[in-house]
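Colleague: Could we go through this model together? I should like to begin with the place where the chains meet.

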Amino acid sequence: MPNLSWFFTIPLSAALLMPFAAKVHRRAVDGLAVLAGFILLCLSLGTVLGGVPIGDFTAGGLLLRADGLSALFLLVINAIGFACLVYATDYLDHLGGRAKFFGLFLILLLGLNGVVLVHDLFSLYLYMEVASIAAYMLVAFTLEFDGIESALKYLLLSVVGTALILIAISLVYMRLGTLEFTAIKESLAQGAMPRLFLLTGTMFVVGFGLKAAIMPFHAWLPDAHPSAPAPVSAILSGVVIKVAGVYSLIRIFLGIYPRTPQIQGVFIILGVVSMACGAIIAYYQDDIKRMLAYSSISQIGYIMIGLGIGHPLAIAGALFHILNHAQFKSLLFLNSGALQFRTGTRNMTEMGGLENRMPVTSTTSVFGTLAIAGVPPFNGFFSKLFIILGAIKAGYYAVATLAAVFSIFTLGYFLIIQRRVFFGKLNAKWKDLQEAPLAMSVAVILLAASCLLTGVFFHQILSWVIEPAAAVLGGK
Amino acid sequence: MGTILLLLLVFLLVLAMGLARDLLKAAIALALASVFLATILFLHGAWVAAVFELSVCSGLITVLFVSTISLTKDSDQKEEAKLTGYLLPAFLLFFIGVDCLALRWLGPFFLDAKAMVPADTLTGGFSKVFWGDRTTDVLGQAALILSGVFAILSLFKRKAQHHSLEGGKHE
């Protein structure tokens, strides 16, 4: 009977077996990675649909806990992880080192799964570092100057965030003598730590804000994401910033710490700044991956707004947007990787008219564009709608108006990008261009289909995934 | 008083690390700073943290740094690269030895009755805390070490490719 420990043992075992699989055949490495990814995806679906029991799990000293919120994030991590693993099997042909790449990628998945399954602050910190260290190396995996420079920047800024988080954890432990989530919540409910609450709260916001790349803590992201190999960019933007940053913020400020208007205000301000500035800066980019990176900052802004408003509808919208953004942003990053794979450039001014040469990439990009811009019936429409409706119901009319305006702005700049890259006159140097290889195409087709199906069947997704997650935070 | 002196040593070593022009010396200063930090943790009864500090920060991270530095040395610096070749296994052996010593004998010697860690967490001894209560963290540490191994292997692979390309050009 599968249980929560499989989220650790499957990626760890597969990573350990990678060097041996590499001795057999390169396709054995691909098969092992994809199989591990598929099992993890099935397990995460099991936590949502009831096949894998959630709640407390104990085996020896291994203590894990999963609730509706963990199940949502497990689905996000392992669904996108699987798509990226499938994509990477062909993408790595030009990069090499596939056993090491998949080994690091699986450890990244292990770290992310660990973050959402542990129930004390120290273990959360530890698994966040497991994921981060694998991510630094994956960003630098090409060992080209850009990649190493970006990985170093990512590392240095992350270390600042990590240090703040660790100091805050130490302060909590010194004062309360425990780091277990429920115990901290109970102590705080009894009025413990009123002064330290402000200090540790600020440290957690800045520390996890750096991990989530919320403005103004975003400086590492626009460099790290473009320089990384495409599957790494996809998982960084689609999953890592949400799990290491947003999940931790949700768990601490909506699950453990008492909710205060000040914290809600900080979330809304950071969210609006990220949403607006991220979108405006994205519009001026010529580098497609850099543009997508800034767009991620903007979309994280929507999530922060939903969480900050605190209305049950807005929280549900924010949680739904976490699931949706992971899908369409990973899709768009993987497509940008396919473009770079074939053209050798990320500069959109050099592209144009690629629609007929790369029909799968072009069509799935349209899906991603419509989803991120919030066009019905794609998934992004419903999550943004809930956030905006939640803002209206809570009386945040200005925030609701800004969210709607920047959603239209997002549609505008993504359509311009679509036209610059895929439509118009074909650049002569791309006349012999071919579609991306099969595995890369399959991965983006899966993600494009999920963007549409999550929107069409949003009611079922809400009842299966989002409502149990929102219930953990006290909303429905 | 002892703790203050040790903290001062840690501070000076970190300063030396920042000012050192040679990366190898900086890595060694970092390792020594970690050793003194681990000693402070032992003195205050934080066994688990001390062992983690010794094994990961002083041991593994130093090995990673020294390996990386040795990989990035130019061919005209062979003497120093050879030195790192000897240092690498020496570091590994030294820190494994220190870990074993700390776990087996030094722990009870350092354990202070006024330790800050609540007494119940040490019930059953260090091994129970390490393997019984914190298995989740031990698993995380194993994953950290594995990611370090993959990172180093990737660097070696790339270096070999780079050298073969350069060799091809010369031919």
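**The interface and chain B**

Modeller: In this predicted model, about 2300 Å² is buried between chain B and chain A, and carbon and sulfur atoms account for 72% of it.

Colleague: Why give an area here?

Modeller: The accessible area lost when the parts come together is often used to state the size of an interface.

Colleague: How many residues does each chain bring to the contact?

Modeller: Chain A contributes 34 residues and chain B contributes 22 residues.

Colleague: And how many salt bridges and polar contacts are there between chain B and chain A?

Modeller: The rule finds zero salt bridges across this interface. Four residue pairs are in polar contact, with both residues at pLDDT 80 or more.

Colleague: Which helices of chain B supply at least two residues of the side that touches chain A?

Modeller: Helix 5 (125-133) and helix 6 (135-170) of chain B each do so. Helix 6 of chain B gives the largest share of that side, with 17 residues.

Colleague: What kinds of residue are on that side of chain B?

Modeller: On the side of chain B that touches chain A, 10 residues are nonpolar, seven are polar and five are charged.

Colleague: Changing topic, what is chain B built from?

Modeller: Chain B contains six helices and zero strands.

Colleague: How much of chain B is buried?

Modeller: Chain B has 171 residues, and 33% of them count as buried. The chain exposes about 10100 Å², of which 72% is supplied by carbon and sulfur atoms.

Colleague: And the contacts inside chain B?

Modeller: Among contacts in chain B with a separation of 6 or more, 67% are between residues 24 or more positions apart.

Terms used. Residues numbered from 1 in each chain as written. Chains lettered and ligands numbered in written order. Predicted model: local features only at pLDDT ≥ 70, side-chain atom pairs only at ≥ 80, totals over all residues. Heavy atoms only, no water. Contact = heavy atoms within 4.5 Å. Buried area = accessible area lost by both parts, 1.4 Å probe. Salt bridge = Lys/Arg side-chain N within 4 Å of Asp/Glu carboxyl O. Polar contact = N/O pair within 3.5 Å; in protein donor to acceptor, adjacent residues only side chain to side chain. Helix = DSSP H or I, 4+ residues; strand = E, 2+ residues; numbered from the N terminus. Nonpolar A, V, L, I, M, F, W, Y, C, P; charged D, E, K, R; others polar. Buried < 20%, exposed > 50% of the residue type's maximum accessible area, 1.4 Å probe, protein only. Areas by Shrake-Rupley, 256 points an atom, 1.4 Å probe, with all protein chains shown as cover.
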